[in-house]
Amino acid sequence: MEKKSGFRAFTGTKTFTLLLLLAFIVAIFAILTPGGGFLKPRNIKNMINGMSVNSILTIGAGCLLVSGQIDLSVGAVGTLSGVVFALLFTGYGVPVIPAVIISLAVVAVFGFINALLINRFHTQGFITTMATGLLAQGLGYILDGGKAIAIKSDAFNAVGTKSIFGGYLPISVIIAFAFFAVYGLLMGRTKFGRSIYLVGGNPTASYLSGIDPKRISYTLFLNSAILGGLAGLMYASRMKSATQSGITNSSFAGMTAAILGGISFGGGAGGMGGALLGLIILSAFNNGISGIGIPPYWQQVASGALLLVALSFDYLSLRRKELALRRDAARIHAAPGGATDGNPKA
Amino acid sequence: MDGHIEFTGIGKLFPGVQALADVSFRAESGQALALLGENGAGKSTLLKILSGDVRPDSGAISIDGRPQNFQSPLDALRAGVSVIYQERQLVPTGSVAENIFAGDLPGRFGIVDYGALRARTAEIVGKFGLNIDPDEPVGRLPIARQQMVEIMKAYRRDSAVIAFDEPTASLTDSEIAVLFRIIREMKANGKIIIYVSHRLSEIFQISDRIAVLKDGRLVTTFETSASNEDELIRAMVGRDLGDTYANLSRNDKFGDTLLEARELETEYIRKVSFALRRGEVLGFAGLVGAGRTELARAIFGADRVLSGSVIFNGEEVSFKSPKDAIAAGIALCPEDRKEQGLVLFRSIRDNIAMPVLQKLKRLLFLDRRADQKLAESAIERYGIRTTGADKLVAELSGGNQQKVILGRWTSEKIETKLLILDEPTKGIDVGTKAEVYQIICDFAKQGIGVIFISSELTEVINVADRILVMKGGRITGELARAEATEENVLALAMSE
């Protein structure tokens, strides 16, 4: 890439666009919210607090999307982990730590099944994870008998409800940021992270260069399920109970944030920093829109519109160059530069 | 009948490749014109222009004297042109009848008259004399039968111009007989037939005239009855790449045997045996689908070996995946750079480090400085034209992309003993080609064994020390560089 002076180069990046979008959203809601409530410390604290569960989901979804895959089951699986924990702890008196471990092990099985179906039996990821999600959701209903199960453990509930530094820094937020830091390093600086980008960009070329796309897929589906489980437990801790719907509907929130933050739906591009920014934008938007008294159904419409705007943004700005290159690539591919020897095989 | 189609001065430039230049010829009603040429001679592009799939940069097509300007395949169909490609364009889940009448289903008010559809299909199937059920989903038919359905589709359209692209590639002898009978019937009905094939014997059986293409230009046309095989082969090859080959600085010291394949079989290759010495460049020549790519994949651990053995570097090996082969010192530059070789939207640096990420690890993280150095040294060594190691590979030219792949397999962090190059000069300009030839010879000088697969006869017989010719998954002959000529290699590649 051509080296431009620092700021000029920065204005051309996706990060800059996202920061502009965030500033715009903050400005709009600061003006529109009655009594300037949007920027009050209490509201900001609320907003950040609400982000913690979704941040874990955003990370899991982001890693998978970079590798070119998708997991729609993660929300239901997360809910199930909360139910399993509550059942073990409240129903059977299993201590907190073993109960956490068992519930994460249960959801890990779902991750493994997703990976197995997709890699071994070559099923479509979209449909496969939708099906396992329904499965997990149904199991959750059966296990809790359709009722919320209360969790009476101060230690467990502290994770989702307590704050340090005079009540301004929720523990769940610390955990969320720690996760972003760890996964940021993992994606950006390690061999495994690099391999995820390469496989997402071109699985065939990666395979022929000694990278094992299947191993990466298995690892990431397991990772997605376990992160979903952690998010589910965090949510249960915040609610001090395992509820029926739990975080089932949050699968899309994680993906939306990741895509908004520049992680390409086709795989191979984007990063954890962008995903975090995407999450902040999404949270600010959702918080702001409920603060100005728009009815809940219209809030959903607005969220959908935001994602559409983000996607078109993506295509109109950064992607234009890529699309042009892809068109050229396709044209060269169609050119008779020589023979194609044999059948194209993956 | 005096119908005719005329191509006048057709030219087409693809990025870096002059696909067609000033091609003019004429085909008459009631006759079959055969188009003959090596891989990459421009036959496919010409057919794509005829079918409206590709628009020419210059020149024009006229039918019966009326100029045509096809903007899409639909325009060509409406003008009475049907092109039957090798890749079947059928809906596998649709029935034979639905496929044959696709786009023109009988019926009224949008409701298909299935009775009429079945009856009309049965009539066509009967004309072909084949035992095919009109209601059978096309996807369940054997490949050869699917190809025949494709031909029936064109027959049904009753187009004035019907072009066939290698129609017999997937047909058995009995179906070929049917096809030829149908083509003769079409000729008798005053159709204009354009027939593309590698198979000389077919061309003599079915065509009236032969047009020979070479490097995108029309070399000459023959009356089929007044020509012979030798003459055609000479017209297809005759070319001179000047002093490029004479000036190559080659390796002349071969070491011991590096690789030996014994009766190797996969789904695609049959009992392939050969040996390669250290420092030797072994060329693999053949036509499209001869099994050379599949042989490379078998050695590289990418395709499952059914029987036979591979001895590499003194021991019998059986690689479960490319990863194992790479660890043993084998490298593959695949034929399709963009689809199989490169991660286009990652940097040069990322693409070069791919097989050696493990060696770039320092504790938990990748050593970014070593990573960068690796890329910079490859950029310098091969003179890759770029503003830096960060540039996306998609932004490089074909030749520079190929150099990135070469750089990947010859970096300081990897010890490649056997380098397999599958069509390494495909789609790259002449100047870079010459560079690639010298790079290949330089590998050999370092004691690396090189397998050089190429469909360009001139380069493979001039760069390789020894040439193996493949056809239908088998090795059909072996020639030393001194004795190989384009004619004798082509004869082996097309031998029946």
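How many helices and strands does chain A have? Select chain A and colour it by secondary structure: you should find 15 helices and four strands. Keep in mind as you click around that this is a predicted model.

Stay on chain A and switch to colouring by burial. The chain runs to 346 residues, and 47% of them count as buried. A contact map is worth a look too: among contacts with a separation of 6 or more in chain A, 76% join residues 24 or more positions apart.

Next, pick out two helices of chain A: α3, residues 41-66, and α8, residues 171-189. Their axes sit 8 Å apart, and the packing angle is about 20°. Angles under 35 degrees count as roughly parallel, so that is what α3(A) and α8(A) are. Look at the pair face on and you can check the handedness, as the crossing of α3(A) and α8(A) is left-handed.

Now show side chains where the two helices touch. On the α3(A) side, select Ile48(A), Asn49(A), Met51(A), Ser52(A), Ser55(A), Ile56(A), Ile59(A) and Cys63(A). Across from them, in α8(A), come Ser172(A), Val173(A), Ile175(A), Ala176(A), Phe179(A), Phe180(A), Tyr183(A) and Met187(A). What kinds of residue make up this contact of α3(A) with α8(A)? Count 12 nonpolar and four polar, with no charged ones.

Last stop: chain B. Colour residues 4-237 as domain 1 and residues 257-494 as domain 2, following the domain assignment. Drop a marker at the C-alpha centre of each domain of chain B, and the two markers will lie 35 Å apart.

Key. Residues are numbered from 1 along each chain as its sequence is written. Chains are lettered from A and ligands numbered from 1 in the order in which they are written. This is a predicted model: local features need pLDDT of at least 70, side-chain atom pairs count only at pLDDT 80 or more; totals for chains, interfaces and linings use all residues. Domain bounds come from an automatic or database domain assignment. A residue is buried if 20 or more other C-beta atoms lie within 10 Å of its own, exposed if 12 or fewer, and partly exposed in between; C-beta atoms are placed from the backbone. Two residues are in contact if their C-beta atoms, placed from the backbone, lie within 7 Å. Axes are lines fitted to C-alpha atoms, for helices over the stretch in contact, and angles run from 0 to 180 degrees between N-to-C directions. Angles under 35 degrees count as roughly parallel, over 145 as roughly antiparallel, 65 to 115 as roughly perpendicular and the rest as oblique. A crossing is left-handed if the near helix is turned anticlockwise from the far one by less than a right angle, and right-handed if clockwise. Ala, Val, Leu, Ile, Met, Phe, Trp, Tyr, Cys and Pro count as nonpolar, Asp, Glu, Lys and Arg as charged, and the others, Gly among them, as polar.
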